[in-house]
Amino acid sequence: ARLGGPYQVQFFSSDENLRLRERMRLESDLRRALADESFYLAFQPQLDARTRKVVGAETLLRWTHPERGPVSPAVFIPVAESSGLMEELGHWVFKTACRQAAQWHHNGTDVSVSINVSSQQFNSGNFIASIRECLAETGVNPARVMVELTESIAVSNVDSNIRILHELKSLGLELSVDDFGTGYSSLRYIKDFPLDEIKIDKAFIDGLPAQKGDVAIVSAILMMARRLGMKVVAEGVENVDQYEYLVQQDCDEIQGYFFSRPLSAEDFEAFCNQCSSR
Ligand code: C2E
Ligand code: CA
Ligand code: CA
Ligand code: CA
């Protein structure tokens, strides 16, 4: 088939056609879900490696599709991004997570809440205003809110990105870099950006403590972070061998199925209480 021209869609194979229709359906379902507020948040505990007390929660977005059941954020977030819905959805996530954090702090559950921010949200031009509004509306202590950025945010417009990061810092927020080591700009990122925390990607945790390559990378990241005065969170920790290795290496915080899967707000509180009475 000849490509180009206004009839391009016709030349897609039936497979591609199906995928395209599927995507469009998902997109319109997402629009409806935004209007109906049928998203909710899950919270995965982050534990102090040494004391094993819960010190934080990562906020993870959840969506139960009316017919299909739960859809993974790894599937629907890219669709929300490319259809221009992520700014609004991201605002909802940030506000709802701040509200939850404020409520926990009020009840004596003193955790820091981490919130994922997508590059579309970050680069929208409206990001700082949106964050200000969430902080003002919920009254949350910004020092207990951590913004999780991915390396994909940094590749272009480095100067204007650094300005935005400094504005976030001046609002009192903490900054974390997610999936560290998987992007293209890791070292530039930690050199030039005002970060408080690095999250080591699960890909490097998986091979601990047996695989030499992972051991070398993880210990190098830990050393660099210490020199730069940043905290390190290991994500995707699934077993006791990984956990013990990370404690021995002086990693600060642990997140992963070894301690807990993402939980509802209610179950998260129960988990915190159980941990602090151990
Ligand atoms: P992420 O930010 O790297 O989040 C960690 C993911 O790893 C979560 O998947 C979590 O459930 C999973 N995980 C945690 N511990 C373990 C473990 O021990 N083993 C394994 N196999 N997995 C573990 P989830 O919730 O499916 O989220 C997938 C991705 O979707 C996130 O990756 C993040 O990139 C994105 N995402 C989720 N919520 C949001 C959000 O509110 N905003 C944005 N922009 N992205 C989000
Ligand atoms: Ca944290
Ligand atoms: Ca994250
Ligand atoms: Ca991650």
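Which residues does Ser 260 touch, not counting residues up to four places away in sequence? The close-ups below come from a predicted model, and the opening view takes up that question.

**View 1. Ser 260 and its contacts.**
Ser 260 touches Gln 44, Pro 45 and Phe 271, leaving aside residues up to four places away in sequence. Ser 260 is in a loop. That loop runs between strand β9 (253-255) and helix α11 (265-276). Buried or exposed? Ser 260 has a relative accessibility of 7%. Buried means under 20%, so Ser 260 counts as buried.

**View 2. The calcium ion (ligand 3) and its donors.**
Four residues coordinate this ion: Glu 58 (OE), Asn 116 (OD1), Glu 148 (OE) and Asp 178 (OD). The distances run from 2.2 to 2.3 Å. Along the sequence, the donor residues follow the spacing E-x57-N-x31-E-x29-D. Glu 58 sits in strand β2 (residues 54-65) and Asp 178 in strand β6 (residues 174-180), so the pair ties together parts that are 120 residues apart in sequence. Both Glu 58 and Asp 178 are buried.

**View 3. The calcium ion (ligand 4) and the bridge.**
Here the donors are Asp 178 (OD), Asp 179 (OD) and Glu 235, which is listed twice through OE. Their distances are 2.1 to 2.8 Å. The spacing of the donor residues in sequence is D-D-x55-E. Two distant parts of the chain are linked by Asp 178 in strand β6 and Glu 235 in strand β8, 57 residues apart. Asp 178 and Glu 235 are both buried. Which residue bridges the calcium ion (ligand 4) and the calcium ion (ligand 3)? Asp 178 does, and the two ions lie 3.9 Å apart.

**View 4. The largest pocket.**
This pocket has a volume of about 860 Å³. It is lined by 35 residues, and the closest to its centre are Glu 58, Leu 60, Pro 73, Asn 116 and Asp 178. Three of those names return from View 2: Glu 58, Asn 116 and Asp 178 are donors to the calcium ion (ligand 3). Which elements each supply at least two residues of the lining? They are β2, α2, α3 (86-106), β4 (112-116), α4 (119-122), β5 (145-150) and β6.

**View 5. Helix α9 and its two faces.**
Helix α9 covers residues 212-227. How far should its 16 residues span at 1.5 Å a residue? The expected span is 22 Å, and the end C-alpha atoms are 23 Å apart, which agrees. Asp 214, Val 218, Ile 221, Leu 222 and Ala 225 are buried in α9. These residues cover an arc of only 100° around the axis, which puts them on the same side of α9. The face turned away from that buried side carries the exposed residues Lys 212, Met 223 and Arg 227. The cover over the buried residues includes β6, β7 (197-200), α8 (202-205), β8 (231-235) and α10 (240-248). Just past the helix, Gly 229 has a positive phi of about 70°.

**View 6. Helix α1 and what covers it.**
Helix α1 (residues 14-36) has 23 residues. From first C-alpha to last, α1 reaches 33 Å, close to the 33 Å expected at 1.5 Å a residue. Its buried residues are Leu 26, Glu 27, Asp 29, Leu 30, Ala 33 and Leu 34. What covers them includes β1 (39-48), β2, α2 and α3. Just after α1, Glu 37 takes a positive phi of about 55°.

**View 7. Val 79 in helix α2.**
Val 79 is part of helix α2 (residues 73-82). Its relative accessible area is 6%, so Val 79 is buried. Setting aside residues up to four places away in sequence, Val 79 touches Arg 23, Leu 26, Glu 27 and Leu 30. Leu 26, Glu 27 and Leu 30 are among the buried residues of α1. How far apart in space are Val 79 and Pro 209? Their C-alpha atoms are 36 Å apart, with their places 130 residues apart in sequence.

**View 8. Glu 151 in its loop.**
Glu 151 is found in the loop between β5 and α6 (158-170). Glu 151 is buried, with a relative accessible area of 4%. Glu 151 and Cys 251 are 100 residues apart in sequence. In space they are 21 Å apart, C-alpha to C-alpha.

Notes:
Residues numbered from 1 in each chain as written. Chains lettered and ligands numbered in written order. Predicted model: local features only at pLDDT ≥ 70, side-chain atom pairs only at ≥ 80, totals over all residues. Heavy atoms only, no water. Helix = DSSP H or I, 4+ residues; strand = E, 2+ residues; numbered from the N terminus. Buried < 20%, exposed > 50% of the residue type's maximum accessible area, 1.4 Å probe, protein only. Contact = heavy atoms within 4.5 Å. Donors = N, O, S within 2.8 Å, 3.2 Å for Na, K, Ca; no water. Expected span 1.5 Å × (residues − 1). Arc of directions from axis to C-beta. 1 Å grid on protein atoms, 1.4 Å probe; cavity = no way out; pocket = protein on both sides within 12 Å on 5 of 7 lines; lining within 4 Å. Points joined across faces, edges and corners; volume = space filled by probe spheres on them.
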